[in-house]
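Visitor: I should like to learn how to read a structure of this kind. May we go through it feature by feature?

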Amino acid sequence: MNVVELTVLLVLGSFTAGLLGSLTGLGGGVVLVPLLTIFFKVDIRYAIGASLVSVIATSSGAAAAYVKEGFSNIRIGMFLEIATTLGALCGAFLSTVVPTRVLAIIFGLVLLYSAYLSRKPRTRRERDLPPDPLATRLKMNGSFPSEEGGERHYNVQNVPAGFSIMFGAGALSGLLGIGSGAVKVLAMDQAMKLPFKVSTTTSNFMIGVTAAASAGIYLNRGYIEPGIAMPVMLGVLYGSLLGARILMRADTKVLRLLFSLVIVALGAQMIYAGITGNI
Amino acid sequence: MLRNWSDRKIEEIVGDILRAGVTVSAVVVFAGGLLYLKGSAWTHPDYRVFHGEPSDLRALGGIWHGALALDARAIIQLGLLLLIATPVLRVMVAILGFAAERDRMYVIFTSIVMTILLYSLFGSGSAF
């Protein structure tokens, strides 16, 4: 394949990944690495580098809109970013020493887990929880514009658990070049009991900073190849922006099911490729 | 009340920075991409085996020199650097915002994040 053919195919593939990722809310990043390694036979380290760069692009693009609407909580985001960026540094260093076969297997497991999470029904959030002393000291409790109009107040719970899970989310992000939004939402949703809208938007807000922490290391290690990162970043960015625009009018139930099936298939393929060493 | 107002203000500025950073970097990457296609259209790169980038595409100095010399791959890399710099700039604005609110605790938290980011960009290259 020459450069023109490769670039066109990469743009098309990444565009589709970005579009589906933003339509289904599952993120395009998770399917990029399997797409690049399985179908384009790109070395997993180049794939991780390109994926991470496009994660920064989509997260920053989407966060720009959310932040202005007042859903994301900057204090929670900044505090937890201490954990995610430290985790990302560790993950990125690890990724330079972990064998690529192991990387592929871990990646496959993360894919299967995020497909499982996306099918799990969301538990109803109990409202009006009592204020937690630590969260109050850290000035994390906040409010957001509610659907009924006016502001809805919330009290943040269990900061230490949230902080620890965030370290893990950062490490996965640095190790695999993904946003690990699913794990971030888990920390804020399940542990810290944030309203769903606040946890998803704050997670998105944090993904860019977390990814930037490992991007520096990836760049220094030569993982970011312009010939791959250019089409991938542009394709994913355009796809996800378009997805966000048509999201309001689309019924995504069937799409979500299909996309999570694709993720399961890719996850199984990654694990298989890792075990057989064909990566 | 005043605190809330000023948190919102930070959020507004942060939103603008994110949007501008992504737009500028996408334009630079696109321009570099066109040059790259024009110059290397019929070559057959092999990405199956990992070689790592040449050292002048790994660090700020080399990328900057290459981009000034209109090297297509260096221009793409410069655009990607701008993209990586966007969240860093965002953290910097947050430090200033919290400082303006005299919120010492959050100035410290945000500075820790900033230090980690700067270490990754500038300090990690010499570690190996």
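Guide: Let us begin with a detail of the backbone. Just after H2(A), Lys41(A) takes a positive phi of about 55°. Please bear in mind throughout that this is a predicted model.

Visitor: Is H2(A) enclosed by or open to the rest of the structure?

Guide: One counts the neighbours around each residue, and 20 or more other C-beta atoms within 10 Å make a residue buried. Nine of the eleven residues of H2(A) reach that level, so the helix is largely enclosed by the rest of the structure. The buried residues run through Gly29(A), Val30(A), Val31(A), Leu32(A), Val33(A), Pro34(A), Leu35(A), Leu36(A) and Thr37(A).

Visitor: At what angle do H2(A) and H11(A) pack?

Guide: For a pair of helices, one reads the angle and the separation of the axes. Helix H2 (residues 29-39) of chain A packs with helix H11 (residues 253-276) of chain A at an angle of about 50°, and their axes are 10 Å apart. H2(A) is therefore oblique to H11(A). The crossing of these two helices is left-handed.

Visitor: Which residues make that contact?

Guide: H2(A) contributes Val30(A), Val31(A), Pro34(A) and Ile38(A), while H11(A) contributes Val262(A), Ile263(A), Leu266(A), Gln269(A), Met270(A) and Ala273(A). By class, the contact of H2(A) with H11(A) holds nine nonpolar residues, one polar and no charged.

Visitor: How many residues of each chain take part in the contact between chain A and chain B?

Guide: An interface is read from both sides. Here 51 residues of chain A are in contact with 54 residues of chain B. On the side of chain A, helix H1 (3-24), helix H3 (44-69), helix H4 (74-97), helix H9 (196-220) and helix H10 (226-246) each supply at least two residues. H3(A) gives the most, with eleven residues. The side of chain A that touches chain B comprises 31 nonpolar, twelve polar and eight charged residues.

Visitor: How many helices and strands does chain B have?

Guide: Chain B has four helices and zero strands, and along the sequence the pattern reads α-α-α-α.

Visitor: What is the radius of gyration of chain B, set against that of a compact globule?

Guide: The comparison is with a globule of 128 residues, for which a value near 14 Å would be expected, whereas chain B has 19 Å. Along its principal axes, the C-alpha trace of chain B spans about 60 × 35 × 25 Å. Of its 128 residues, 39% count as buried. Among the contacts in chain B with a separation of 6 or more, 62% join residues 24 or more positions apart.

Visitor: How do H3(B) and H4(B) pack?

Guide: The same reading of angle and axes applies. The angle is about 160° and the axes of H3(B) and H4(B) are 9 Å apart, which means that H3(B) is roughly antiparallel to H4(B). Their crossing is left-handed. From H3(B), Val88(B), Val91(B), Met92(B), Ala94(B), Ile95(B), Phe98(B) and Ala99(B) meet Tyr106(B), Val107(B), Thr110(B), Ser111(B), Val113(B), Met114(B) and Leu117(B) of H4(B). The contact of H3(B) with H4(B) has twelve nonpolar, two polar and no charged residues.

Visitor: Where is Glu101(B) placed?

Guide: Glu101(B) lies in the loop between helix H3 (72-100) and helix H4 (104-123) of chain B. Because it has 16 C-beta neighbours inside 10 Å, Glu101(B) counts as partly exposed. Glu101(B) and Arg8(B) are 93 residues apart in sequence, and their C-alpha atoms are 12 Å apart in space.

Conventions: Residues numbered from 1 in each chain as written. Chains lettered and ligands numbered in written order. Predicted model: local features only at pLDDT ≥ 70, side-chain atom pairs only at ≥ 80, totals over all residues. Contact = placed C-beta atoms within 7 Å. Nonpolar A, V, L, I, M, F, W, Y, C, P; charged D, E, K, R; others polar. Axes fitted to C-alpha atoms, helices over the stretch in contact; angles between N-to-C directions. Parallel < 35°, antiparallel > 145°, perpendicular 65-115°, else oblique. Left-handed = near helix turned anticlockwise from the far one by under 90°. Rg over C-alpha atoms; globule rule 2.2 N^0.38 Å. Buried ≥ 20, exposed ≤ 12 C-beta atoms within 10 Å, placed from the backbone.
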